[in-house]
Amino acid sequence: MDALTSKRITVTVNGEEIEYDVEARRLLVHFLRDDLDLTGTHVGCDTGNCGACTVLYDGVLAKSCMLLAIQADGAAIETVEGLAQDGELTALQQSFSDHHALQCGYCTPGMLMSATALTGYVNIVEAVKAASGAST
Ligand code: FES
């Protein structure tokens, strides 16, 4: 890679600061999967529609197929691999497992990251739960 087509970025991924030379056109999802071997982040549609590639970018939900890796320079990225600590599932992961909360499972990492971002909004989650019970 040369200096015109690549850039050295510093990004914190799942709490670990990493310096890496990335191609200017490399998508964040491919950087995570192919360069860092964090294959829990999936590529579904590659058009920003399905959410399988969802990560947290500075604590905010982001579809990593819609971002360039160089846009993560200086940011903190959290992937599904960063949820469990020391082999202990988060309460959310355990709940997904207990309730067999998946269809084929391909988008489960994205759903977990989305639900992780929602857990700070307890009243919204309670409202959705109440509405889901009311409509069934
Ligand atoms: S791969 Fe479908 S939204 Fe990114």
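The following paragraphs describe the sheet, the helices packed on it, the nonpolar cores and the salt bridges of a predicted model.

The predicted model contains an open sheet of five strands in the order β2-β1-β5-β3-β4, with mixed pairing. Strands β2 and β4 (60-63) form the edges, each pairing on one side only. Direction ignored, neighbouring strands of this sheet are turned by 40 degrees against each other on average.

Strands β1 and β2 are paired in the antiparallel sense over eight bridges. Together they make a hairpin with two residues between the strands, and asparagine 14 in the turn adopts a positive phi of about 50 degrees. Within this pairing, valine 11 stands opposite isoleucine 18 in β2, and threonine 12 stands opposite glutamate 17 in β2. Strand β1 also runs parallel to β5, to which it is joined by two bridges; here threonine 12 stands opposite alanine 76 in β5. Threonine 12 thus has a counterpart in β2 and another in β5.

Two helices are considered in relation to the strands. Helix α1 packs on the sheet and touches β1, β2, β3 and β5, its direction making about 110 degrees with that of β2. Helix α3 (residues 108-118) lies across β3, β4 and β5 and runs at about 35 degrees to β3.

In helix α1 (residues 28-35), the buried residues are Leu28, Val29, Phe31 and Leu32. These buried residues fall within an arc of 165 degrees when α1 is seen down its axis, and they therefore line one face of the helix. The cover over the buried residues of α1 includes β1 (6-13), β2 (16-23), β3 (54-57) and β5 (76-78). Aspartate 37, which follows α1, has a positive phi near 60 degrees.

The largest nonpolar core comprises 17 residues, and those with the most contacts inside it are Val11, Val13, Leu28, Phe31, Leu32, Leu36 and Ile77. At least two residues of this core come from each of β1, β2 and α1. Leucine 36 touches Val13, Ile18, Tyr20 and Phe31, residues up to four places away in sequence not being counted. Apart from the largest core lies another, of seven residues, among them Leu56, Val80, Leu83 and Leu112. In soluble globular proteins, nonpolar side chains tend to be buried together.

The structure holds seven salt bridges. One of the charged groupings is a network of salt bridges linking Arg8, Glu19 and Asp21. The side chains of glutamate 23 and arginine 25 also meet in a salt bridge, with an N to O distance of 3.6 Å. Arginine 25 is exposed, with a relative accessible area of 68%, whereas glutamate 23 is partly exposed at 28%. A further salt bridge connects arginine 26 with aspartate 35, the closest N and O atoms being 2.8 Å apart. Aspartate 35 is partly exposed, its relative accessible area being 24%.

In helix α4 (residues 122-134), glutamate 126 and lysine 129 are separated by about one helical turn because they are three residues apart. An α-helix has 3.6 residues a turn, so residues three or four places apart point the same way. Glutamate 126 and lysine 129 form a salt bridge in which the closest N and O atoms are 3.2 Å apart. Glutamate 126 is partly exposed, with a relative accessible area of 40%.

Notes
Residues numbered from 1 in each chain as written. Predicted model: local features only at pLDDT ≥ 70, side-chain atom pairs only at ≥ 80, totals over all residues. Heavy atoms only, no water. Buried < 20%, exposed > 50% of the residue type's maximum accessible area, 1.4 Å probe, protein only. Helix = DSSP H or I, 4+ residues; strand = E, 2+ residues; numbered from the N terminus. Arc of directions from axis to C-beta. Contact = heavy atoms within 4.5 Å. Core = buried A, V, L, I, M, F, W, Y, C linked by side-chain atoms within 4.5 Å. Pairing = 2+ DSSP bridges. Axes fitted to C-alpha atoms, helices over the stretch in contact; angles between N-to-C directions. Salt bridge = Lys/Arg side-chain N within 4 Å of Asp/Glu carboxyl O.
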